[in-house]
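Trainee: I should like to learn how the descriptive terms for a protein model are justified. May I put some questions to you?

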Amino acid sequence: MAVRPVTLGLDLGTTSVKAALLEAAPGHPSGFLVLASCARAARAEVECVAAGSQGREQNVSRIIQALNECLAALPKHQLQRVGAIGVSGQMHGIVFWKTGQGCEWIEGGPVPVFEPRAVSQLVTWQDGRCSSEFLASLPQPGSHLSVATGFGCATIYWLLKNSPEFLKSYDVAGTIQDYVVTMLCGLPRPVMSDQNAASWGYFNTQSQSWNLEVLRASGFPTHLLPDIAEPGSTAGRTSHMWFEIPKGTQVGVAMGDLQASVYSCMGQKTDAVLNISTSIQLAASMPLGFQPAQAPDPTAPVAYFPYFENTYLGVAASLNGGNVLATFVHMLVQWITDLGLEVEESSVYSHMIQAAAQQKDTCLTITPTVLGERHLPDQLASVTRISSSDLSLGHVTRALCRGIVQNLHSMLPFQQLKEWGVKRVLGSGSALSRNEVLKQEVQRAIPLPVSFGQDVDAAVGAALVVLRRNFGQKES
């Protein structure tokens, strides 16, 4: 019997790097098996001299070191079977390098690796150097997506104004995942998926092209923009043996971590994915043929990102999720400390969930937006319909969990999911997995079957896209 090839998935995240080895398994419900996986903390944050306290930058060498540690931890005999590599990573961010000088291959050590050379720091999606006033001064994009601070093109505009000499040191740019693909394949220029291009701003998803006329008219260095290709399609082949992976292994065009994460667990096109961790994302694949309005709307609570096969992902991303519950617990602990008593946060959390589980309903109403929302940055939290009978810990915790779900509903009415053709919601994330009351409120509010306990993993998603594309496995 022929040995099935293995697909390697890589995800270059904000805090960690992940790797996963997948094998097609036609008899398995998911159609694939995860043979091995590994994650390593990047610890790549560095001080940003040019942008001061608002800057958020990471050291590319540290990210590649974490990547190397992941590869070194995977079984050698499985790496030798790798037939294709899928790559995803943090969107919006930008790194610059010199053509042909971005890395050096080290082949004299235990395994062949590449080390960054003429490469800038990675300016991440969290970067805040572009003020509202600065963004307002930029030309209007020919795109349905607004431009925000931390977006690649906005960062280039800022550097053009504040550090023009810096830009003269480099001649190409990409996301961190585009950089890795370019180095693995020895490409003269990076290729970028529409997923990552859209996350940079000034990219028209319908024409699949950069807003070149708009950008050139404002003096933007358009030579830095990568060429565009389909996510997961072949970017090139490995130019060297890498660890135990053979030279000449196919490498896919890098995709966004949001899209790869959703793809990792969306079994059917009619699934929606609800992830509640620190924050919340509710994402659904839009019907075939859907096209977003071409003018950006910063006040819209739902954004539409390129997905796969010329479709879009409708995403409501709330800033208020598990972090709201953590804020509440911290407040309770502080109150108890102020009263001269001591209690562990974990104990408070378990007791409040237990109390809310016994309190099946409440009239208390909490709007939990302590962090505002991207489309409503000035909105704060509030508590209404307070009565003396609804002041127990169970009432307040129940109302808080309900408020988190209702806030998401206000951004994307759950009935809208049905209109998009969604038939099932897959619930995932650390805040949801350990909070039975939050699960109850999700089931209560969403008029569709909800399945909990899904794993969301961008490295698995990246591998799966390439596996299905290259080895003929179709989506279910």
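Mentor: Let us begin with the surface, where V383, I386 and L391 form a nonpolar patch with about 290 Å² of accessible area together. This is a predicted model, in which local features need pLDDT of at least 70 and side-chain atom pairs count only at pLDDT 80 or more, while totals for chains, interfaces and linings use all residues. Residues are numbered from 1 along each chain as its sequence is written, and side-chain values use heavy atoms, with hydrogens and water left out.

Trainee: What makes V383, I386 and L391 a nonpolar patch?

Mentor: A patch is made of residues with over 30% relative accessible area and no salt bridge; nonpolar side chains (Val, Leu, Ile, Met, Phe, Trp, Tyr) are joined within 5 Å, and like charges within 9 Å. The areas come from the Shrake-Rupley method with a 1.4 Å probe, and for residues only the protein chains shown count as cover.

Trainee: Why is I386 called exposed?

Mentor: Exposed means over 50% relative accessible area, buried under 20%, and partly exposed in between (1.4 Å probe, protein chains only). I386 has 54%, so the word exposed applies. I386 is located in the loop between β24 (382–384) and α12 (393–411). Such helices (H or I, at least four residues) and strands (E, at least two) are DSSP runs, numbered from the N terminus.

Trainee: Why is S233 counted as buried?

Mentor: The relative accessibility of S233 is 14%, and therefore S233 counts as buried. S233 is found in the loop between β15 (227–229) and β16 (234–237). Setting aside neighbours within four places in sequence, S233 is in contact (heavy atoms within 4.5 Å) with V251, G252, V253 and R469.

Trainee: Why is helix α4 described as largely enclosed?

Mentor: Helix α4 covers residues 152–162, and eight of its 11 residues are buried, so the rest of the structure largely encloses it. The buried residues are G152, C153, A154, T155, I156, Y157, W158 and L159.

Trainee: How do you know that R117 and E104 form a salt bridge?

Mentor: The term requires a side-chain nitrogen of Lys or Arg within 4 Å of a carboxyl oxygen of Asp or Glu. In the pair R117 and E104, the closest N and O atoms are 2.8 Å apart, which satisfies that limit. R117 lies in the loop between β9 (113–116) and β10 (122–123), and E104 in strand β8 (residues 103–106), so the pair ties together parts 13 residues apart in sequence. Side chains of opposite charge can pair when their charged atoms come close.

Trainee: What makes E309 and K269 a salt bridge?

Mentor: Their closest N and O atoms are 3.9 Å apart, which is within 4 Å, and the term applies. E309 lies in the loop between β21 (302–306) and β22 (312–318) and K269 in the loop between α9 (257–265) and β19 (271–276), so this pair ties together parts 40 residues apart in sequence. E309, at 48% relative accessibility, counts as partly exposed, and K269, at 47%, also counts as partly exposed.

Trainee: Which residues are joined into one network by salt bridges that share partners?

Mentor: They are D361, R398, R402, E441 and R444. A search of the whole structure finds 14 salt bridges.
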